[in-house]
Amino acid sequence: MNHKIQLLIIDAQYDFCDPNGALYVPGAQEDMKRTTSMIRKGKDKIEKIRVTLDTHRKQHIAHPIWWIDENDNHPKPFTAISTNDVIGNLIKWRASNPEYNERSIEYVRQLERNGRYTLTIWPPHCLIGSNGHKIFPDIFDALDEWEDMYASVDYLTKGTNIFTEHYSAIRADVIDPDDNGTYFNTGFIERLDEAEIIGIAGEALSHCVANTVKDIADALRDNHIEKLVLLEDATSPVTGFEDQALDFIKEMKSRGMRIARTTDFPG
């Protein structure tokens with residue numbers, strides 16, 4: 001077995017990857033089938049597989065239940081909420097729970113300062129204990145077969161904190177000082193850095209894949225970014241965010257990230 005190749009699979013879960021999922025990413029079902037074939041083909045060459053799991057509660061700052069308008073209506077999924085929507089004379093949205101309102105306003109402000117995304121309201125997805133949280137069946141079966149070689153998948157959950165989004169597997173979008181799980185995950189980076197090649201697959205290219213890869217690249221020394229290999233036929237963007245996905249690929253390629261297809265990985 002090659003001890004220098006790792007595979008990172010980001011959020012390969014039912015809600016993203018099945019057409020009946022709560023937040024299906026068009027193309028994800030096919031992405032996962034190709035990823036499954038790749039794992040089975042290259043299982044003797046992949047030393048470690050790491051899998052992230054988006055993990056939410058229904059009450060979450062990016063879910064409709066969190067916010068209400070002046071008529072106590074919740075925002076529809078895919079509503080964007082900016083600072084101008086939560087402060088000023090024409091407040092459009094406020095927290096359903098008054099105790100959380102000031103914190104929610106500050107969260108929207110901090111997101112905009114970060115410059116990654118405006119707050120987007122998503123359909124409740126990957127809820128703890130739900131069918132949508134589970135790994136896409138084809139991927140799970142392939143991982144199960146890989147573990148028959150006395151290997152062990154490294155699972156990493158993210159997103160349980162209700163006050164912040166956690167697109168990146170490495171850190172939350174806004175840190176919660178009372179929750180260590182939202183801080184930069186140095187241990188996960190160190191485990192990844194043991195590899196010479198890190199194949200990257202999963203959903204969605206525009207959000208969790210992009211932010212995870214950017215944070216990994218920022219943590220690695222510049223001459224180590226080339227170990228990152230994005231599997232372009234194993235990831236897709238959220239509809240409406242295709243440009244963000246293309247911008248991410250362009251940026252990371254300029255920094256040294258490589259692009260490959262599942263048929264060519266792990267080689």
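**Strands 8 and 9.** I started with the pairing of strand 8 and strand 9 (residues 228-231): they run parallel and are joined by three bridges. I noted one pair by name, Gly 199 with its bridge partner Val 229 in strand 9. A reminder to myself: this is a predicted model.

**The other partner of strand 8.** I then looked up strand 1 (residues 5-10), which also pairs with strand 8 in the parallel sense, over six bridges. Here Ile 5 stands opposite Ile 197 of strand 8. Is strand 8 enclosed or open? I counted five of its six residues (197-202) as buried, so the rest of the structure largely encloses strand 8.

**After strand 8.** I checked the peptide bonds next. Glu 203 and Ala 204 are joined by a cis bond, with omega about -15°. Ala 204 sits in the loop between strand 8 and helix 6 (205-219). I jotted down that most residues other than glycine have a negative phi, and most peptide bonds are trans. I found another cis bond between Phe 265 and Pro 266, with omega about 5°. Pro 266 belongs to the segment after strand 10 (258-260).

**Ser 236.** I moved on to the loop between strand 9 and helix 7 (242-255), where Ser 236 lies. Why does Ser 236 count as buried? Its relative accessibility is 8%, and the cut-off for buried is under 20%. Leaving out residues up to four places away in sequence, I listed what Ser 236 touches: among them are Glu 203 and Ala 204, the two residues of that cis bond, along with Val 25, Pro 26 and Asp 31. Asp 31 caught my eye, as it is 205 residues from Ser 236 in sequence, yet their C-alpha atoms are 7.5 Å apart.

**Positive phi.** I looked up two residues that are not glycine but have a positive phi. Asp 11 has a phi of about 55° and lies in the loop between strand 1 and helix 1 (14-17). Cys 126 has about 50°, and I found Cys 126 in the loop between strand 6 (119-120) and helix 4 (137-147). Buried or exposed? Asp 11 counts as buried at 0% relative accessibility, and Cys 126 is buried at 0% too.

**Strand 7.** I turned to residues 154-158. The covered face of strand 7 holds Asp 154, Leu 156 and Lys 158, while Tyr 155 and Thr 157 are on the uncovered one. That fits the general rule that side chains in a regular strand alternate between the two faces of the sheet. Strand 7 pairs with strand 2 (residues 48-54) in the parallel sense over five bridges, and Tyr 155 is the bridge partner of Val 51.

**Asp 176.** Past strand 7, in the loop before helix 5 (186-192), I stopped at Asp 176. With a relative accessible area of 7%, Asp 176 is buried. What does Asp 176 touch, not counting residues up to four places away in sequence? I wrote down Arg 103, Asn 161, Phe 163, Thr 182 and Tyr 183. As for Lys 227, it is 51 residues from Asp 176 in sequence and 31 Å away in space, C-alpha to C-alpha.

**Whole protein.** I finished with the overall values. I counted seven helices and ten strands. The radius of gyration is 19 Å, which agrees with the value near 18 Å for a compact globule of 267 residues. Buried residues make up 52% of the protein. Of the contacts between residues at least 6 apart in sequence, 77% join residues at least 24 apart.

How values were computed: Residues are numbered from 1 along each chain as its sequence is written. This is a predicted model: local features need pLDDT of at least 70, side-chain atom pairs count only at pLDDT 80 or more; totals for chains, interfaces and linings use all residues. Side-chain values use heavy atoms; hydrogens and water are left out. Helices (H or I, at least four residues) and strands (E, at least two) are DSSP runs, numbered from the N terminus. The radius of gyration is taken over C-alpha atoms; the globule rule is 2.2 Å times the number of residues to the power 0.38. Buried means under 20% relative accessible area, exposed over 50%, partly exposed in between (1.4 Å probe, protein chains only). Contact means heavy atoms within 4.5 Å. Two strands pair if DSSP finds at least two bridges between them.
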